[in-house]
Amino acid sequence: TSRVTNNTAAPVRQAKVMIPLGYDQNLEGAVAVLQAAATRTPGVLPEPAPSVRVQDLGSDDVILEVKFW
């Protein structure tokens, strides 16, 4: 026999969403909008606060990562 771990059993889980943003877009504005949207989303915990960071610099887009619990 082998052990099975059910990760969905934990009541609190971290999630993340990747958002592509064109280089010609307002990065600071997009980060502020994404941060506010994640904070206001029902079910997202206030602590630790949602975070938005640059995850990658692609050839056509900046990839933003939004993390939340």
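How many bridges join β2 to strand β3, and in which sense do the two run? Six views of this predicted model take that up, along with the rest of the fold.

**View 1. The β2-β3 pair, up close.** To settle the opening query, 6 bridges join β2 to β3 (residues 61-68), and the two strands run antiparallel. The link between β2 and β3 is a hairpin through 3 residues. Two of the pairings are worth picking out by name. Valine 52 has valine 66 as its bridge partner in β3, while arginine 53 is matched with glutamate 65 in β3. As background, strands of a sheet pair through backbone hydrogen bonds, in either a parallel or an antiparallel way.

**View 2. The whole sheet, strand by strand.** Here we have an open sheet of 3 strands, ordered β1-β3-β2 and paired antiparallel. β1 (15-22) and β2 (51-57) stand at the edges with a single partner strand each, so one side of each has no neighbour in the sheet. On average, neighbouring strands of the sheet are turned by 30° against each other, direction ignored. The pairing of β1 with β3 is antiparallel too, over 8 bridges. Within that pairing, leucine 21 stands opposite valine 62 in β3.

**View 3. The helix on the sheet.** Helix α1 (residues 27-40) lies across β1, β2 and β3, and runs at about 25° to β3. Where does leucine 27 sit? Its place is in helix α1. With 35% relative accessibility, leucine 27 counts as partly exposed, because the partly exposed class runs between 20% and 50%. Leaving out residues up to four places away in sequence, leucine 27 touches Leu21, Val54, Val62 and Leu64. Follow the chain along to proline 50 and you are 23 residues from leucine 27 in sequence, and 17 Å away in space, C-alpha to C-alpha.

**View 4. The nonpolar core.** Which residues make up the largest nonpolar core? There are 10 in all: Leu21, Ala30, Leu34, Ala38, Val44, Val52, Val62, Leu64, Val66 and Phe68. The elements giving two or more residues to this core are α1 and β3, and β3 supplies the largest share, 4 residues. Leucine 64 is a good one to zoom in on. Its contacts, not counting residues up to four places away in sequence, include Val17, Met18, Ile19 and Leu21, then Leu27, Ala30, Val31 and Leu34, and also Val52, Arg53, Val54 and Gln55. More broadly, nonpolar side chains tend to be buried together in soluble globular proteins.

**View 5. Two spots outside the helix and strands.** What kind of peptide bond joins glutamate 47 and proline 48? That bond is cis, with omega at about -5°. Proline 48 lies in the loop between α1 and β2. Over in the segment before β1 is arginine 13. A relative accessible area of 47% makes arginine 13 partly exposed. Between arginine 13 and serine 2 there are 24 Å in space, C-alpha to C-alpha, for a separation of 11 residues in sequence.

**View 6. Stepping back to the whole chain.** The protein chain has 1 helix and 3 strands, and from the N terminus on its elements run β-α-β-β. How does the radius of gyration sit beside that of a compact globule of 69 residues? The protein chain comes out at 15 Å, whereas such a globule would be near 11 Å. Along the principal axes, the C-alpha atoms fill a box of roughly 55 × 30 × 15 Å. Buried residues account for 19% of the 69 in the chain. The chain exposes about 5,300 Å², of which carbon and sulfur atoms supply 55%. Finally, take the contacts between residues at least 6 apart in sequence: 61% of them join residues at least 24 apart.

Technical notes: Residues numbered from 1 in each chain as written. Predicted model: local features only at pLDDT ≥ 70, side-chain atom pairs only at ≥ 80, totals over all residues. Heavy atoms only, no water. Pairing = 2+ DSSP bridges. Axes fitted to C-alpha atoms, helices over the stretch in contact; angles between N-to-C directions. Contact = heavy atoms within 4.5 Å. Rg over C-alpha atoms; globule rule 2.2 N^0.38 Å. Buried < 20%, exposed > 50% of the residue type's maximum accessible area, 1.4 Å probe, protein only. Areas by Shrake-Rupley, 256 points an atom, 1.4 Å probe, with all protein chains shown as cover. Core = buried A, V, L, I, M, F, W, Y, C linked by side-chain atoms within 4.5 Å.
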